[in-house]
Structures are given as structure tokens and as C-alpha cells.
Amino acid sequence: MRTRMAGELRPSDEGTRVELCGWIASRRDHGGIVFLDLRDASGVVQVVVDPSVAGLEAGHRVRNEWVVRVVGDVRARPDGTVNPELTTGEIEVATEELQVLNEAEPPPFPVDERVEADEVLRLRYRYVDLRRDRMQRNLRLRATVNRAIRGAMDEQGFSEVETPLLIASTPEGARDFVVPSRLQPGSFYALPQSPQLFKQLLMVGGFDRYYQLARCMRDEDLRADRQFEFTQLDAEMSFADGDDVIGVITEAVAAAAEAVTGEAPAPFGRLTWHEAMERYGSDKPDTRFGMELVDLGEVFAATEFRAFQQDAVKGIRVEGAGSGVGAGDAVMSRSQLDALTDRAKKLGAAGLVWMRVGEHGAIDSPVAKFLSEAEQLALVDATGAEPGDLLLLVAGERMLVNRVLGTLRLDLGRPPVTEGGLQFLWVVDFPLFEALDDHGRPIPAHHPFTMPHADDVSLLDSATGEDLLKVRAQAYDLVLNGWELGSGSVRIHRRDVQERIFTLLGISTEDAQARFGFLLDAFRYGAPPHAGFAVGIDRLTAILAGEENIREVIAFPKTQSGLDPLTGAPGPIDPAQLDELGLQIAPRAKTPEPKTP
């Protein structure tokens, strides 16, 4: 039906006869001559129609978003009518044939993006929203990312293998989506949170280097960087350690970034988990800006101020947010400081101490009277504070202090996603266990198939939970601009070590065999050492596209409440289907009303 794409036409095509198809992006009637902007997937070109010419009468009645076919000659635009904002702005198409392929009602919101539409409305009419330049650009950028990643993995000797979508339920840190079995009434499949076990089995099967762009599902609360359904670059390699995997994934992700931006990203940094938490208060630090956490333990080692007689005292410096000489435009008022204090308390801190730095290191703060002059001078020196700066201090348990200040750091300093370039960072040496449950059993920080650090294996025999929490994992995360792009680890490949971890987690031998017997049995038949990783394609694409929300780089996402306004999902199911599956919908148990005293 067409010989060319609208957005591809250039002055070199002048005199060429073309056949185009697309949507009417806009219509302008100038005294009988009608000018149409014809839009297709490649862009927009101006089409000139004279409705007085036989066969072109439709030019009078076409409207925005009608679907048409145009036949005509490419010609240069008259002097003074060139549109420099369009790549096709130097030419136009003189129409000789205009065919209406489909009429259209006025769209629910403008396609030209001059008006920002409500997100629910956009998702309800997503097929219209997808016509907008923003969505066209983002989804094509996503295709570029996928293509570059596949190319990089292929070049590094990886084979693409698809793994099942209907699996047994396994612990991955979030709730499974479950699917009832018609042929096995009362039994259920789970949709994969990741292909973890199957890619390990591929290594046992001798595939050596596997990858896929895997669709995964997790039933967890949605937010800007999380959807029920997501896509990840999933990879595994045999006879490899963490550094081998880091090298491969760095190559693939850098290739994707270069394919989008046109230039190779800066070398990827590396921090241990402990360094990241101490310096940034986060295991996914945004290193595009400073404001690092400063340990003030030595400054207040002998302090008489009881609020600082804690496990840890740390602070951050907010440049120019104080008052007086050197203060910047972002000076914080007392009400803003009170709001920061409330924020710190909601995050779990006992409070927040603020200090304005004046000339000669003088401290203006409600707690200044409790600190010696030597402590005040040492504080200014330790933080590198200048007159006009603001210092924010938190005291308490070390991990809590890190987390609270790390959150305040992001609240106050994090730049928009479009600023600061691409700061990739590998975070390594995570703890194997993140906490102890109510029964004193360790909770895995990642999944329970991660190999402990060789130097810490002896701690697994410890009778104390404190020692277990010191065990490091051979695990590593990739972070970009404060977003966790993905996680990986060296896997446990020996049955005895895996059973040992299961026992620590409170999983009995019988339960382990019932749930993971196929993996444990596979280890008996020559499992090679292996390691892997998974990169979130949605998150990577969003950052490369300059979007703050991954919904903007997904064709058909869910709302934050998990609804699909387009199809109405989730919705009730036909009773006949329930009968066929042997299911009944039980009423939800009501929360008991509180008793009146």
C-alpha cells in the first residue's frame, strides 16, 4: 500500500512519486488548499491537498487521526515555509490521490502531547497514547537496548534458551502468581519470579553459557521502578566466578548504553556492600552527587551529650543550606528543618540534630550548648563544612543511622534522572543473611542458592545469630544512578552445602526434597561451579530514556494499584471455568471490629 515512510523523505527525494499511509496528525485549511501533517511510525511529513481537484474531495472532510493513503510527488517547500523543527521540514508532498482508509472519532486526549493527560486515561486508551512521540521513542529505544544486549551476549558465546513459565512455587522473596491446574484438580503452578533453578539446571546439563530476555512475575506492591510483570536479561555461566560474570554483564550493559547514547559509558565503579552502606547509607547508592555520610564517632568519643552516646553518630553536609555568610539560595527555614526531623523519626531515628555553620566554624543549633568548643571545631573539620552550610546528624544503631541519613541524602540531593550522566556501579560482598526471624533463624539477603564467601564458611557452624550475620555472600548488584539494575551471585553447586543452608533457614530435609528435590538430585550427577546475574530491562531502559517511571517504557503496564484500565483486568472469572478447575471463591474473612472499652 506504500512505497516510502513519511519521516524518511528528504530534499534528495524531490521529484519522486511516493505512496504514503498513516494518520492525520493535524489539518489546516488555507483558503481552499488543505495542508495535512501525515504521521506514521517514522515521523511526520506535510501533505498538500487541493480538494477542488477531482478525486481529492476528501480533503475537505478528513480530520485528525483519520487513517489515509496518499499518492503524490515530493517537492521543495516554497520560500519562507520551511519548518526547521521537522526532519522533513524542507519538503512536502503534492497530493494526486487521497484515499480514506478509516475514519476516527476525536481522541480522548491530544496525541501531539501539548496537553499532559491523566495517566489512568492514557492507560485506558493506551493504543492512542502509543501514537505519541514520547511512547514511540521509548519503545523503539527499548528495542535498541534488547538488540544490543542480544548482540553482546551472542558475541561472548552465550546461547539463548527459553525456560518454563509454569513452574513449582519457589522462594524468591515475593509472593508468587499461581495458576490452577485443570488436569490435576487442587494443584497449582506458579509463574516464575525468575528462571533461577532452571538456569542452574542448564549448567548441570553442560550448556556452559546461557541467557534469555526472560519475562518474570512477582506479586508485590507496585511503584515507580516495579511492575507485576517485568523483563530481565537472565544469564548463567559455568566454571566462572563473580568477576567473570561482572565482566560479561558489564560488556552487555555498556553495549546497550552505547547503542542508545552513541558513546561508551564511563568505566563501571565498584564498592563493597559495607562501603556503600557506610558512605551512602544505601546498597544502591546514587553516586552522581556527593553529600556522603561522615562517621563522627571519633569526634564525639568522649562527649557528655547523652544523645550522642550511641553505637554510631554520623552526619551529612548540605552545602549552602544554612544561613549567613556563604549560604545558598536553598537555605532551609525552621519549619523545613522541623519537617526533616519528623521525616527522620518516621524512618526510625530517635531524632535529628541540625547545625548551621557560621563564620570561623561557629555552630548555630539547639544542641550547641551541650557540645564543647573542641567538639564543635572537630565536627566542622570532619565534615569539611564551610560558612553557610547545614549539618544533619543522627545517632543510634549503626545500620539504622546509615539508612536514615541515606534516605535524607536522597531526599535533599538526588538530581533528576536526566542529569548527572550514567554512573554505573558494582556493589559486591553482600551479607549472606540480612536478619534473624522470630525463631532466631537467618533470613537470606538474596535467594537461598547463593554460595557463602570461602573465608566465612566456618561461621555457618556458629551457634550465635550474630556470627551468621557476618557471613558474606559471593553476591553482587549492578546499580545505575541509584536504581538497582540487577543482582547475581556465585551459586551453590554442592548438595551438602545447599542442604546446610536449607537447615539454617529452617527447611527440613523432607521439605527441601519435596520443594527442591529436582535441583538437589541434579547436584549428585556432576554439577559444575557456576554463577549468574539478571539485569532489569525495564529499569535500564527507563534511565536511558530519561524517565522516572518504568511504566513509560512498557507498552501495556498496570497502574500503581495493579489494575489494567485498558482490559479491565483483574476481573471475575466465569463460574463455568471455576467448576472446571474445581475451585470456589471463598468470602474474605472480615477484620473484627475493635471492642468498645
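This is a short talk about the core, the barrel and the aromatic rings of one protein structure.

Okay, hi everyone. Before anything else, keep in mind that this is a predicted model.

Let's start with the inside. How many residues does the largest nonpolar core have? There are 77 of them, and the ones with the most contacts inside that core are Ile149, Met153, Leu233, Ile249, Phe424, Leu478 and Leu540. Helix 5, covering residues 242–261, gives the core its largest share, nine residues.

Let's take Ile149 from that list. If we skip its neighbours within four places in sequence, which residues is Ile149 in contact with? The answer is Leu213, Leu233, Ala252, Ala256, Ile537 and Leu540. Two names there, Leu233 and Leu540, were also on the list of residues with the most contacts in the core.

Now, the barrel. Five strands close up to make it, going round in the order 1-2-3-5-4, with mixed pairing. On average, neighbouring strands in this sheet are turned by 55° against each other, if you ignore direction. Let's look at one pairing in there. Strand 1, residues 17–30, and strand 4, residues 67–76, run antiparallel and are joined by seven bridges. If you want a spot to find on screen, go to Glu19, which stands opposite Val71 in strand 4.

Next up, the rings. The structure holds twelve aromatic pairs. One of them is Phe305 with Phe308, which is edge-to-face, at 4.9 Å centre to centre and with 70° between the planes. Both Phe305 and Phe308 are buried. Another edge-to-face pair is Trp426 with Phe533, at 5.2 Å centre to centre and 65° between the planes. So what does this pair tie together? Trp426 sits in strand 17 (residues 424–428) and Phe533 in strand 22 (residues 530–536), so the pair links parts that are 107 residues apart in sequence.

Are these two rings buried or exposed? Trp426 has 1% relative accessibility, so it counts as buried. Phe533 is at 0%, so it counts as buried too.

Back to Phe305 and Phe308 for a second: together with Phe300 and Phe370, they form one aromatic cluster.

Last bit, charges over rings. Arg409 has its charged end over the ring of Phe289, 3.9 Å from the centre. There's also Arg124, which lies over the face of Tyr125, 4.7 Å from the ring centre.

That's me done, thanks for listening!

How values were computed. Residues numbered from 1 in each chain as written. Predicted model: local features only at pLDDT ≥ 70, side-chain atom pairs only at ≥ 80, totals over all residues. Heavy atoms only, no water. Core = buried A, V, L, I, M, F, W, Y, C linked by side-chain atoms within 4.5 Å. Buried < 20%, exposed > 50% of the residue type's maximum accessible area, 1.4 Å probe, protein only. Helix = DSSP H or I, 4+ residues; strand = E, 2+ residues; numbered from the N terminus. Contact = heavy atoms within 4.5 Å. Pairing = 2+ DSSP bridges. Axes fitted to C-alpha atoms, helices over the stretch in contact; angles between N-to-C directions. Phe/Tyr/Trp six-rings, centres within 6.5 Å; stacked < 30°, edge-to-face > 60°. Lys NZ or Arg CZ within 6 Å of the ring centre and 35° of its normal.
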